[in-house]
6 protein chains.
Amino acid sequence: MSTDPTEAVGVLLQALPYIQRFSGTIAVVKFGGNAMSSPQLLEQFAEDIVLMHSVGIKPVIVHGGGPQIGEWLQRLGRTSTFVDGHRVTDADTLEVVQMVLIGKVNSELVSALNVHGPVAVGLSGQDAGLIEAEARHPDLGFVGDVTSVNPSIIVRLVAMDLIPVVSTIGSDSDGQAYNINADAVASAIAEALNAQKLMFLTDVAGLLGDVDDPATLIQRVTAAGARALIADGTIAGGMIPKIEGCLRAIEYGVGQVHLIDGRVPHALLLELFTDAGVGTMVTADGVA
Amino acid sequence: MSTDPTEAVGVLLQALPYIQRFSGTIAVVKFGGNAMSSPQLLEQFAEDIVLMHSVGIKPVIVHGGGPQIGEWLQRLGRTSTFVDGHRVTDADTLEVVQMVLIGKVNSELVSALNVHGPVAVGLSGQDAGLIEAEARHPDLGFVGDVTSVNPSIIVRLVAMDLIPVVSTIGSDSDGQAYNINADAVASAIAEALNAQKLMFLTDVAGLLGDVDDPATLIQRVTAAGARALIADGTIAGGMIPKIEGCLRAIEYGVGQVHLIDGRVPHALLLELFTDAGVGTMVTADGVA
Amino acid sequence: MSTDPTEAVGVLLQALPYIQRFSGTIAVVKFGGNAMSSPQLLEQFAEDIVLMHSVGIKPVIVHGGGPQIGEWLQRLGRTSTFVDGHRVTDADTLEVVQMVLIGKVNSELVSALNVHGPVAVGLSGQDAGLIEAEARHPDLGFVGDVTSVNPSIIVRLVAMDLIPVVSTIGSDSDGQAYNINADAVASAIAEALNAQKLMFLTDVAGLLGDVDDPATLIQRVTAAGARALIADGTIAGGMIPKIEGCLRAIEYGVGQVHLIDGRVPHALLLELFTDAGVGTMVTADGVA
Amino acid sequence: MSTDPTEAVGVLLQALPYIQRFSGTIAVVKFGGNAMSSPQLLEQFAEDIVLMHSVGIKPVIVHGGGPQIGEWLQRLGRTSTFVDGHRVTDADTLEVVQMVLIGKVNSELVSALNVHGPVAVGLSGQDAGLIEAEARHPDLGFVGDVTSVNPSIIVRLVAMDLIPVVSTIGSDSDGQAYNINADAVASAIAEALNAQKLMFLTDVAGLLGDVDDPATLIQRVTAAGARALIADGTIAGGMIPKIEGCLRAIEYGVGQVHLIDGRVPHALLLELFTDAGVGTMVTADGVA
Amino acid sequence: MSTDPTEAVGVLLQALPYIQRFSGTIAVVKFGGNAMSSPQLLEQFAEDIVLMHSVGIKPVIVHGGGPQIGEWLQRLGRTSTFVDGHRVTDADTLEVVQMVLIGKVNSELVSALNVHGPVAVGLSGQDAGLIEAEARHPDLGFVGDVTSVNPSIIVRLVAMDLIPVVSTIGSDSDGQAYNINADAVASAIAEALNAQKLMFLTDVAGLLGDVDDPATLIQRVTAAGARALIADGTIAGGMIPKIEGCLRAIEYGVGQVHLIDGRVPHALLLELFTDAGVGTMVTADGVA
Amino acid sequence: MSTDPTEAVGVLLQALPYIQRFSGTIAVVKFGGNAMSSPQLLEQFAEDIVLMHSVGIKPVIVHGGGPQIGEWLQRLGRTSTFVDGHRVTDADTLEVVQMVLIGKVNSELVSALNVHGPVAVGLSGQDAGLIEAEARHPDLGFVGDVTSVNPSIIVRLVAMDLIPVVSTIGSDSDGQAYNINADAVASAIAEALNAQKLMFLTDVAGLLGDVDDPATLIQRVTAAGARALIADGTIAGGMIPKIEGCLRAIEYGVGQVHLIDGRVPHALLLELFTDAGVGTMVTADGVA
């Protein structure tokens, strides 16, 4: 891209107050498996994260990998049963889940980031006792919930100016592994790190006043405001679990939670460093 | 096990000088895929490493996974071609190699160690630019050789009193991954860390004067001595590549290289903390 | 001692959980003058302390020297008067006490430890203002009580991975020296260091239900339990002051206080690293 | 300025490799008194410096103040004599020079920077012995040359993430102050700091092949190349002292020296973070 | 001066307890513009400060410059209006105030100190956001009051064993500078640093019972005592604002405030290191 | 002592350049047993050391105790044989030597210093492996020579701003103790610490041109100059071993060696902080 120099200077100066405001803040970014469907989106995501890192933000990435897990189970001729939207996970399935999350999705993310320099380090929740988990329900097998987070390995890596990339496998005290929902892990890690920002890269435009009309995007709302929108029925259907995840993170003490449209190229950059912004920011009451 | 207390005290005091001598030393341990065949051997290996760690040794584990890779390729119905003993590795094969090494073997090692406390952290050679690699030969596809090691991530984890567990995937500057021989990675990491000890857990008894007679085990030999044994034909056949790996590590500046019989239960403990010892120690000339 | 290798491995693995549990803990060990009567007991004590130190425990030794003081006063033809079991200490006697405690007993302990490496450093309570004392009673002369402990010199030496060995001479603000009871000094130092363990090496088997029957050894008791045993007369006679010393230390905030039979060879090792244990452990209420 | 978001993202990503390359580098920027003539240029300069600082560059500013000194001497009704282009500086003149440089120009620079946050700290060469000087020539009075630089105060302030702003007053060992040429001070400080970059903000377009034709701007030249251009007469007249200052800095070990046209708005930003670049970069031989 | 050696030893030993008592304490010293009238007094002041610094005291100097400002305004043919004793300060006047305080008085102080070694560093309240100020009254122009002190730059310089010398220019968040009363700045900095001592070098003998009789000097008084003396009329007239400054500093948490007669040669040394003392010490209630 | 304030200020200012010059330097002071004969000399010595320490010098004290050892052996009815001026030291004698040096002389020194604050820490050469020694000659028993010094314990204590006081007992690798000449220990420690100053407190006036005429005191001499004086017979008799000790220390790399008359009250203060000086300073060639 050949940019007019004056225009370029304008953009950089427009970014300056954002750079100053965010410098040194920890931003936990949840990157969904859907977002990896296109190599181009992955590459743009990596560019955004590296730019954030270069101007002093401390990103911590948490990723899922549902589509990739599904594809590999299919290749291996296995069929999955679902209960309440959770894949029932027996030992053989868990083995594949780990291989895909840790050995494939995490590896690809680390590799995409490290094209820009040796900055990323892959972690699973088993490393250094990062995520302690327990079974969610006997019927679900090795589907787990976070019981506690020991963030010291992340804190140290961040202090070394590295970018941790976390697979959502936790384990209990016997060393049994569990597959955990990535949104929940991102929230729990953001809480444990006392992160200033938690950013969910999703496949929706954000919180919409009218779910069928993108023009009704709500750019900023307080936790109380969001609860009121649920109560009056404005937030409905599939929007509810997403916004509840944001509200829980706010309760955990995270300052700002963003729902960002991961389908927009360079959505993170637009949100962080331009006046445009994309998606919805939820803040604690009294902050907005 | 119920031990006579007096006997127990004797053992501990016998171990004391070894504990004092090795405290603070870095020991790179290469753990082969073969050694993971039995859950019991894996468990014993984990106990040995955790005990080493508890008395002040700094272990760094490098693992392979040939058998496990072979098994998964077979499950997926893929056949491999071998050239000079190397598996020709196309992009699809490499994907499986990464999933098995990073997502399965490494995970299982970390998990076995962390049963004893949150001490282990899995790494691949792509993390924080640990291993830079290049293609070995165009005919072999993504089989790589180490071109350089950036050990800073290992150094930092060791300083945090953690145990790094390294999968042997490296990458080039374009982010292309390669599968690398685990013996070579262990030697290169030992060199980069200036490790005092490099220990190969193998499936042989050590260096034998007569390959058919275990009673001819050579317990200690200098690099020059080993070269003389090759020259006079005492070391022959399959023993040659193993001993050459040891000699190359000595040249790299590693103080002591051990060939240890991984089939013996708790072989590491026996070698390090008892007068018994198992296997063969190769030392720099002028040290033995 | 020639031990069966399998047996040796078993002992080391049996010790592992104890090593892990105690690593990094501060253990104040009170070593009585009686225990130095035999060179062999001194040597074994030194081995035990060095082994503790090698596996990560931070020992701090406090010693007395009653028998040695008595012997030297006798050699010098001096007779002592005792009041309530305390030797009346005039200036001339104090001079001999200091020479024996600091110049002889402390020196011998440091020397016995340093045979294993340069780890021990002798201290008196006068060094760097470690122990501030005052006269106990005008009739007793320079017999003192601890008024405060300034543990910074010990903290620093321990941080340097050294083993402080403390003679029980304190001084008041005018620089006047006092001889202080070693049990009291050990308790006061354990309190000031917030030590996890305080171990009294005594010449009894521990706390006995029936003082004449070693088979009635009480291995573990809470502070409340011990007080009940005093109240119901189970603990009686010479046992009372010993157990009261333990109770006072518990009140000071020390986690565990051990009465260990110093006449048993390697009693410390047996207590710490084997399932056997020797003597009695007193714990805070609600801990046992 | 309202920028198209896509355009903005493009600019930020274009800047990314420059940000990564320059992060952590020390850049000494010489800011001439001429450049302060317009409040707008000063404000833009401050924005540029603060942006550099925000993305990890460590700026150190050295300023002159010729025009301002001249103006105040005139107000006070003093006339100056010049010898070889140097103002003859008696004690009364020096007093005014110090007041203007330290009390006015430096203050205004610090103030303009600190509008963006408390980042700048004014220094004179007398502070903490920063610049030791000696008289250049008896006829010139208190005009000085740098004899040595003690950069420790700058090193510490930079480590505190502050921006030192240096007035070019040095002193000899008797405490006598001297006024020193700002170009010389900037070069000497860049040398003492082992700076990667030295940037002269000048009032020319850079090094021109034909001094009358801006289109003949030489964007990059090695030291040897520059010397050849002097030898063949391409560089001539007033260009010669400027380029010689650059060459001397290169000899001092500075990696890159820039001649930047300070009359162009945001010249520093354009040079550092866009592909455009302004002015001329002189590099050591073998680097370009 | 040729001193009898025995006499010299006596003086040094007499100073020893003061040196021990004051070692490591922060002493904020307010040095008035009047005290700079004589080069000799300035030189003696510098000697005193350097000696304080050499024996472990951490001096922080705050200076005014009223007479010097007046003189330069006069030279420039400007006349000042005074309201309630404050010079009405328009933009042109402020420019001169800054030039005189920062460029002349501060420079001369730094220079006088650094004759003894590179220890002093000049600061204005604008450096690193040291002093935030606001306008005192619209009629007074740029006469300011301290709204907050950010002492981190002073803390760091003191930790580097340097002597900060502070000009009393503060600024508001728009970067507008203000001239502030030096007594108030000294008190505010002493408070922000939690200084043990605040010393006002004045041109009076101290607090006098009878303002006309130097023999009625009150050497030590508590805050309550001083308030009683104001109430009963003992302290009257021009003495009142001075003593109120001391009382305010005591309220700020400063331990001891000294009114010292700056006209006495080496008044600081006499006060600090000899039994003589000069002037009046005000202490918190319950301390004297 | 009541000193004229003006006189006092003069003394302090006279001391200032010495304080500045010596601040931060390590000074090893050898204090002989003779010097302890009078309680007053001991007290004055303690005052001098504490003053040195208070103004930033880092003193390390090495003491002997010949007279005290002799007295105690006599009390115990033991007679000593001397060979070449060395007391033949059997095991029983060594026991007394240790008790006197460590338990009496060292204790008294530490106590005298700590009257001024908790600054001194007693050490013997056995602590933390400080002094390794070997037997000087079979006929002498446990009389030793220094074979090496491990100064890390001293370095750490000095860094903690403490004053180490060293008894001259060393030990070999078997833990056998030896009594060593204090001059030799002081030199060896000064060498190992790379001390700037080594000061021998002796019972002579210094190096005299004519041993019978105190007026012929040589205040300063280079090593070469001293060797010339030995060669031409000026230095003779008992002066020779003393000066040779100084020369050996200079060879060891110590900057300045002082022979100071310990019989003069406060000799250390006079030497260090007044223009008077006492005794003789020997310097490396090319330094004087």
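**Exercise 1. Which residue of chain C comes closest to the rotation axis?**

Before you start: this is a predicted model, in which local features need pLDDT of at least 70 and side-chain atom pairs count only at pLDDT 80 or more, while totals for chains, interfaces and linings use all residues. Residues are numbered from 1 along each chain as its sequence is written, chains are lettered from A and ligands numbered from 1 in the order in which they are written, and side-chain values use heavy atoms, with hydrogens and water left out.

Solution.
- Step 1: Two copies of a chain are related by a rotation about an axis and a shift along it.
- Step 2: Chain C goes onto chain F with a turn of 180 degrees and a shift of 0.0 Å along the axis, giving an RMSD of 0.1 Å. Copies are superposed by least squares on the C-alpha atoms of residues with pLDDT of at least 70 in both.
- Step 3: So this is the relation of a two-fold axis.
- Step 4: The residue we want is C:Gly103, whose C-alpha is 2.0 Å from the axis.
- Step 5: Both copies use the same surface, since 100% of the contact residues of chain C recur in chain F. Contact here means heavy atoms within 4.5 Å.

**Exercise 2. Work out how chain B relates to chain C, then look at which chains do not touch chain F.**

Solution.
- Step 1: Chain B lands on chain C after a rotation of 180 degrees with 0.0 Å of shift along its axis, at RMSD 0.0 Å.
- Step 2: In chain B, B:Val55 has the C-alpha nearest that axis, 2.4 Å away.
- Step 3: The same surface serves both copies here, with 96% of the contact residues of chain B recurring in chain C.
- Step 4: Now for chain F: no contact joins it to chain B, and their closest C-alpha atoms lie 15 Å apart. Chain D has no contact with chain F, and for that pair the closest C-alpha atoms lie 15 Å apart.

**Exercise 3. Describe how α3 and α4 of chain D pack.**

Solution.
- Step 1: Find the helices: α3(D) covers residues 66–75 and α4(D) covers residues 91–114. Helices (H or I, at least four residues) and strands (E, at least two) are DSSP runs, numbered from the N terminus.
- Step 2: Their axes are 9 Å apart and make an angle of about 125 degrees. Axes are lines fitted to C-alpha atoms, for helices over the stretch in contact, and angles run from 0 to 180 degrees between N-to-C directions.
- Step 3: α3(D) and α4(D) are therefore oblique to each other. Angles under 35 degrees count as roughly parallel, over 145 as roughly antiparallel, 65 to 115 as roughly perpendicular and the rest as oblique.
- Step 4: The two helices cross in a right-handed way. A crossing is right-handed if the near helix is turned clockwise from the far one by less than a right angle, and left-handed if anticlockwise.
- Step 5: From α3(D), D:Gln68, D:Ile69, D:Trp72 and D:Leu73 meet residues of α4(D) including D:Val96, D:Val100 and D:Lys104. The contact residues split into eight nonpolar, two polar and one charged. Ala, Val, Leu, Ile, Met, Phe, Trp, Tyr, Cys and Pro count as nonpolar, Asp, Glu, Lys and Arg as charged, and the others, Gly among them, as polar.

**Exercise 4. Do the same job for α2 and α4 of chain E.**

Solution.
- Step 1: α2(E), residues 39–54, packs on α4(E), residues 91–114, at about 60 degrees, with the axes 9 Å apart.
- Step 2: That makes α2(E) oblique to α4(E), and the crossing is right-handed.
- Step 3: E:Leu42, E:Phe45, E:Ala46, E:Ile49 and E:Val50 in α2(E) meet E:Glu108, E:Leu109, E:Ala112 and E:Leu113 in α4(E). Eight of these contact residues are nonpolar, none polar and one charged.

**Exercise 5. Is E:Leu162 buried or exposed?**

Solution.
- Step 1: E:Leu162 sits in the loop between α5 (152–159) and β8 (163–167) of chain E.
- Step 2: Its relative accessibility is 10%, so E:Leu162 counts as buried. Buried means under 20% relative accessible area, exposed over 50%, partly exposed in between (1.4 Å probe, protein chains only).
- Step 3: Leaving out residues up to four places away in sequence, E:Leu162 touches D:Ala128 and D:Ile153 of chain D, and residues of chain E including E:His53 and E:Leu157.

**Exercise 6. What is unusual about phi of E:Ala128?**

Solution.
- Step 1: Most residues other than glycine have a negative phi.
- Step 2: Phi of E:Ala128 is positive, near 50 degrees.
- Step 3: E:Ala128 lies in the loop between β5 (120–124) and β6 (131–135) of chain E, and at 5% relative accessibility E:Ala128 counts as buried.
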